Amino acid sequence: MSKFTTASFLESKRSGKKISMLTAYDYTTAKLLDEAGVDSILVGDSLGMVMLGYENTLQVTMADMLHHTKAVARGTKNALVIADMPFLSYHVSIEKTIENAGRLIQEANAQAVKLEGGAEIIDRVEALVKAQIPVVGHLGLTPQSVNMLGGFKVQGKSHQQAKKIIEDARRLQEAGAFAIVLECIPEGLAKLISSELEIPTIGIGAGRYCDGQVLVIQDMLGQYNNFTPKFVKKYADLGPQIKKAVEDYKDEIQKGDFPEERHTFSIDESVLKKLY
Ligand code: KIV
């Protein structure tokens, strides 16, 4: 299997091949996803919720993103690794934005970064692209704006909101983004944007007509049960399986059924005798 690159995103759009993306935050999971042939791995700041137990993504830091992106990059050969820029890491200045994105590429080995927002961050997207850092946009429900949006709600239902999302998507494309994540917007709106843009759209809760799809790995494997959004499909239900395995383990330890002889290491009797 060959390396999936930013160019592969554009080729996929042109040829009509749908792009598969999943989140991962650690080496072992990234290696499994890569071996399974997923096109792209997103080290999302959703790690704040599913890995670190925060209520939302606002407390995730650059240090968190660097730590998890390094682990994912070590486990990935072919998928394109995209790292989320966390809250406030691209809001202070263009210089700080390039410095932070540069660290995700240079120190943590991501191949692209993702930023939330449209018109209000266009100068930073342009600056990153000029600095040769590939950028993925993110529109619709942008979780870092949860306090401004008043909660995790579907976006783009009104004419005004929908027009702004379409305009933001155009501007991100013009600024040089090579793909845009569309989160929690009506299917019809995502279809319109996907048909207008030359760069691919990656949907999460944005319906069937995006050029690719992304899900949070813990959601699609059934491991995170605090809240399951409508758009999630569970491809496995590992939560109950993990709990059952741990219960069996505890039970066998208590009964003396684990470990068995086949799990032990032997020592020569003569060596052992001398120790008594
Ligand atoms: O942080 C994340 O996992 C994301 C996806 C939901 C697209 O941004």
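This is a short talk on aromatic pairs, one helix and some salt bridges in the structure above.

Hi everyone, and thanks for coming. Please keep in mind that we are looking at a predicted model.

Let me start with the aromatic rings. The count of aromatic pairs comes to three. One of them joins Phe4 and Phe9, an edge-to-face pair with 5.5 Å from centre to centre and 65° between the planes. Phe4 and Phe9 are both buried. Now stay with Phe9 and look across to Phe178. How are the rings of Phe9 and Phe178 arranged? Their centres are 5.0 Å apart and their planes stand at 90°, so this pair is edge-to-face. The pair links distant parts of the chain, since Phe9 belongs to helix 1, residues 6-15, and Phe178 to the loop between helix 8 (159-175) and strand 6 (179-183), with the two positions 169 residues apart. Phe178 is buried, as is Phe9. Put the ring pairs together and you have a cluster of Phe4, Phe9 and Phe178.

While we are on rings, please find Tyr209. The charged end of Lys191 sits over the Tyr209 ring, 4.5 Å from the ring centre.

Next, helix 8. Does its length fit, or not fit, what we expect from 17 residues? At 1.5 Å a residue, helix 8 should span 24 Å, and its end C-alpha atoms are 24 Å apart, so the two agree. Which residues of helix 8 are buried? They are Ala162, Ile165, Ile166, Asp168, Ala169, Leu172 and Ala175. As for what covers them, the list includes helix 6 (122-130), strand 5 (135-140), strand 6 and helix 9 (187-196). Just after the helix comes Gly176, with a positive phi of about 110°.

That brings me to charges. Side chains of opposite charge can pair when their charged atoms come close. How many salt bridges does a search of the whole structure find? The search gives 15.

I picked out a few of them for you. In the bridge between Asp39 and Lys17, the closest N and O atoms are 3.4 Å apart. This pair links distant parts of the chain: Asp39 is in the loop between helix 2 (27-36) and strand 2 (40-43), while Lys17 is in the loop between helix 1 and strand 1 (19-23), 22 residues apart. Is Asp39 buried or exposed? Its relative accessibility is 10%, so Asp39 counts as buried. Lys17, with a relative accessible area of 41%, is partly exposed.

The other two pairs each lie within a helix. An α-helix has 3.6 residues a turn, so residues three or four places apart point the same way. Glu99 and Lys96 form a salt bridge at 3.1 Å, N to O. They are three residues apart in helix 5, residues 94-106, and therefore separated by about one helical turn. Glu99 is partly exposed at 44% relative accessibility, and Lys96 is partly exposed at 36%.

Over in helix 11, residues 238-255, Lys244 and Asp248 are four residues apart, about one turn. Their side chains meet in a salt bridge of 2.9 Å, N to O. Lys244 is partly exposed, with a relative accessible area of 46%, and Asp248 is partly exposed too, at 35%.

To finish, salt bridges with shared partners join Glu120, Lys164 and Asp168 into one network. You have met Asp168 already, among the buried residues of helix 8.

That is my tour, and I am happy to take questions.

Notes
Residues are numbered from 1 along each chain as its sequence is written. This is a predicted model: local features need pLDDT of at least 70, side-chain atom pairs count only at pLDDT 80 or more; totals for chains, interfaces and linings use all residues. Side-chain values use heavy atoms; hydrogens and water are left out. Rings of Phe, Tyr and Trp (its six-membered ring) pair if their centres lie within 6.5 Å; planes under 30 degrees apart count as stacked, over 60 as edge-to-face and the rest as tilted. Buried means under 20% relative accessible area, exposed over 50%, partly exposed in between (1.4 Å probe, protein chains only). A charge sits over a ring if NZ of Lys or CZ of Arg is within 6 Å of the ring centre and within 35 degrees of the ring normal. The expected span of a helix is 1.5 Å times one less than its number of residues. Contact means heavy atoms within 4.5 Å. A salt bridge is a side-chain nitrogen of Lys or Arg within 4 Å of a carboxyl oxygen of Asp or Glu.
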